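Below are some notes on the fold and the packing of this model. Please read them alongside the coordinates.

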Amino acid sequence: MKMNVVLMIIGGLIFAVGVAMTFTKAAPEDAVNPSSTEVSSEKPAMAEVSAKPSQPQAESTQSEPQTKDDSKSKGNDFEDYVANILKANSITIKEWNKGTVTYEGAFGENALNPDMFAVDKETKLELEYWIECKFRSYLTSEGFKLDEKQLERYQRIQKSSKRKILIALGLGGEASSPERFFIIPLDSLVENKHIQKQNLADYQLYNPKKNLKEHVRNHFFKEVFKNSKK
């Protein structure tokens, strides 16, 4: 009887030791599984964070140069349009200022002059004058005007060179083929500061490739050029 009790106690101890060893072995496996799950769940989040900044940077890099290039391109297109008008009227372009400036601010002094210096040598009446080219897609309620500093600079150039300045204004449509074309003496802007919309018709020129020479000679000679060489 005593022997049976001893065997039962020994058997119970062996069973308890076996259960304890089973839990001890299982514990490391359970500890590994949660940590591996957390690592895998963090990777997509890290990928999202690294991807998000690249998208706005790409957009801003593309948009800024396009705006500047577009403005410069329109200016060049309208200058070409005016140059073709002068050629069609047998008017020589003695100077063509492209306004080239480096990124560090280097430029030629002639970049401060109006865009073109034109000479009309036909017949005994020789005319020499500056042309500043301006294109506007539309005008505000204020009408057309020059930047105040630019206006003052052109006043000085007109006085020192003793050559009048005419503003060639293209309005609407494309810069390479504007819907309306105007020739405005700088003196009109000096006097009025701006040309109101309702008064622009006084300066409009129709079919400029055919009529510019006659328009400038007949319409502007007495008012604009009579004192240009004094």
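Which strands does helix H3 (residues 148-161) lie across, and at about what angle does it run to S3?

1. The model is predicted. Helix H3 lies across S3 and S4, and its direction is at about 170 degrees to that of S3.

2. S3 and S4 run parallel and are joined by 7 bridges. One bridge pair is Lys-134 with Leu-169, the latter in S4.

3. These strands belong to an open sheet of 5 strands, ordered S1-S2-S3-S4-S5, with mixed pairing. Strand S1 (92-96) and S5 are the edge strands, each pairing on one side only. On average, neighbouring strands of the sheet are turned by 30 degrees against each other, direction ignored.

4. The largest nonpolar core has 25 residues, and Val-82, Tyr-129, Ile-131 and Phe-181 have the most contacts inside it. At least two residues of this core come from each of helix H2 (54-88), strand S2 (116-120), strand S3 (127-136), strand S4 (165-174), strand S5 (177-185) and helix H5 (208-225). H2 gives the most, with 6 residues.

5. Val-82 shows how this packing looks at one position. Leaving aside residues up to four places away in sequence, Val-82 touches Met-116, Ile-131, Cys-133, Ala-168 and Phe-181. A second core, separate from the one above, has 20 residues, including Trp-130, Leu-146, Ile-157 and Leu-169.

6. As background, nonpolar side chains tend to be buried together in soluble globular proteins. Leu-169 appears twice in these notes: as the bridge partner of Lys-134 and as a residue of the second core.

Note on methods: Residues numbered from 1 in each chain as written. Predicted model: local features only at pLDDT ≥ 70, side-chain atom pairs only at ≥ 80, totals over all residues. Heavy atoms only, no water. Core = buried A, V, L, I, M, F, W, Y, C linked by side-chain atoms within 4.5 Å. Buried < 20%, exposed > 50% of the residue type's maximum accessible area, 1.4 Å probe, protein only. Helix = DSSP H or I, 4+ residues; strand = E, 2+ residues; numbered from the N terminus. Contact = heavy atoms within 4.5 Å. Pairing = 2+ DSSP bridges. Axes fitted to C-alpha atoms, helices over the stretch in contact; angles between N-to-C directions.
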